[in-house]
Amino acid sequence: GLKKKEVNVICLGLDNSGKTTIINQLKPSNAQAQDIVPTIGFSIEKFKTSSLSFTVFDMSGQGRYRNLWEHYYKEGQAIIFVIDSSDKLRMVVAKEELDTLLNHPDIKHRRIPILFFANKMDLRDALSSVKVSQLLCLENIKDKPWHICASNAVQGEGLQEGVDWLQDQIR
Ligand code: GTP
Ligand code: MG
C-alpha cells in the first residue's frame, strides 16, 4: 500500500493530566503498556491513523522538566495539549504554560494545529470542554487551527474524534 506520511507531534500539558495515558490508548493494543508511570524527561512513541504515521514526543509535565518542551517545538508539526478538567486549582498554571507556548518564537508565527483534550471528563467534578476552553481563553487563538475534545483516556473515549480532526488538519 501507500506509505503513510510521517508527522511529528509534541504532547504537552501539566503533570498528571493524562498525556501518556492518551498516547498509550492510540497505540495498537499489542504495543500498549499495562501500567502508566509519570514520564521522566520525555518518551518517543508512535501510532498510525488511516493516512498518517505519527511520532509523538510525550513530554513530562512535571515543573522541573517543562524547560525541555521548547527544544522540540521546531520539529513539531502538530501539538496535542492535555488538560486535567478536574484540576481547577491548576487551570491557571495550565493557562500560563499554554501562553508561554503560544508566545514562543518557534511557535508564534506558525500555523501549527493544536488539539486540546479536556481530559478526565469521567470525574464528577470535571469542568466541561466549553468551560475549559473559556478558562484557557482559546478563542484568542486566531492564527492557528485548534480544536478541543472532552476525553476519558482511561476508557479511550473522545480520543478518536480528536485524532480525526488532527489528521484532517495535516492532510
Ligand atoms: P506526566 O508524565 O507526569 O506529565 O503525566 P501525564 O500527563 O503523562 O499523566 P498520565 O498519563 O501518567 O496519567 C496520570 C494519572 O491520571 C494516571 O493515574 C492515569 O490513570 C490517570 N488518568 C489519565 N487519564 C484519565 C481520565 O481520563 N480519567 C481518569 N479518571 N483518570 C485518568
Ligand atoms: Mg506522562
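Tutor: Let's start with a word we'll need: buried means under 20% relative accessible area, exposed means over 50%, and partly exposed is in between (1.4 Å probe, protein chains only). This is a predicted model in which local features need pLDDT of at least 70, side-chain atom pairs count only at pLDDT 80 or more, and totals for chains, interfaces and linings use all residues, while side-chain values use heavy atoms and leave out hydrogens and water. Residues are numbered from 1 along each chain as its sequence is written, and chains are lettered from A and ligands numbered from 1 in the order in which they are written.

Student: What is the relative accessible area of phenylalanine 81?

Tutor: Think about the cut-off for buried, because phenylalanine 81 falls on that side of it. Phenylalanine 116 is buried too, at 0%. For phenylalanine 81, the value is 1%.

Student: How many aromatic pairs are there in the whole structure?

Tutor: Rings of Phe, Tyr and Trp (its six-membered ring) pair if their centres lie within 6.5 Å; planes under 30 degrees apart are stacked, over 60 edge-to-face, and the rest tilted. Searching the whole structure for aromatic pairs gives a total of six.

Student: What is the angle between the planes of phenylalanine 47 and phenylalanine 54?

Tutor: Their ring centres lie 4.9 Å apart, and the pair counts as stacked. Both phenylalanine 47 and phenylalanine 54 are buried. The angle between their planes is 25°.

Student: And how far apart, centre to centre, are phenylalanine 81 and phenylalanine 116?

Tutor: With 55° between the planes, phenylalanine 81 and phenylalanine 116 make a tilted pair. The pair links distant parts of the chain, 35 residues apart: phenylalanine 81 in strand E4 and phenylalanine 116 in strand E5. (Helices, H or I of at least four residues, and strands, E of at least two, are DSSP runs numbered from the N terminus.) Centre to centre, phenylalanine 81 and phenylalanine 116 lie 5.8 Å apart.

Student: Which residues are the protein donors of the magnesium ion?

Tutor: Donors are N, O and S atoms within 2.8 Å of the metal (3.2 Å for Na, K and Ca), and water isn't among the atoms, so sites may look incomplete. Two OG1 atoms lie 2.0 to 2.1 Å from the ion, and they belong to Thr20 and Thr39.

Student: How many residues apart in sequence are the parts that threonine 20 and threonine 39 tie together?

Tutor: Threonine 20 lies in helix H1, while threonine 39 is in the loop between H1 and strand E2. Threonine 39 is also buried, at 13%. The separation of the parts that the pair ties together, counted in residues, is 19.

Student: Which residues is isoleucine 44 in contact with, leaving aside neighbours within four places in sequence?

Tutor: Isoleucine 44 is in strand E2 and partly exposed, at 48%. Its C-alpha atom is 8.6 Å from that of methionine 59, which is 15 residues away along the chain. Contact means heavy atoms within 4.5 Å, and the partners of isoleucine 44 are Thr55, Val56 and Phe57.

Student: What separates the C-alpha atoms of tyrosine 73 and alanine 126?

Tutor: Tyrosine 73 is in the loop between strands E3 and E4, and it is buried at 4%. Beyond its sequence neighbours, its contacts include Ile10, Leu101 and Arg110. Alanine 126 is 53 residues from tyrosine 73 along the chain, and their C-alpha atoms are separated by 29 Å.
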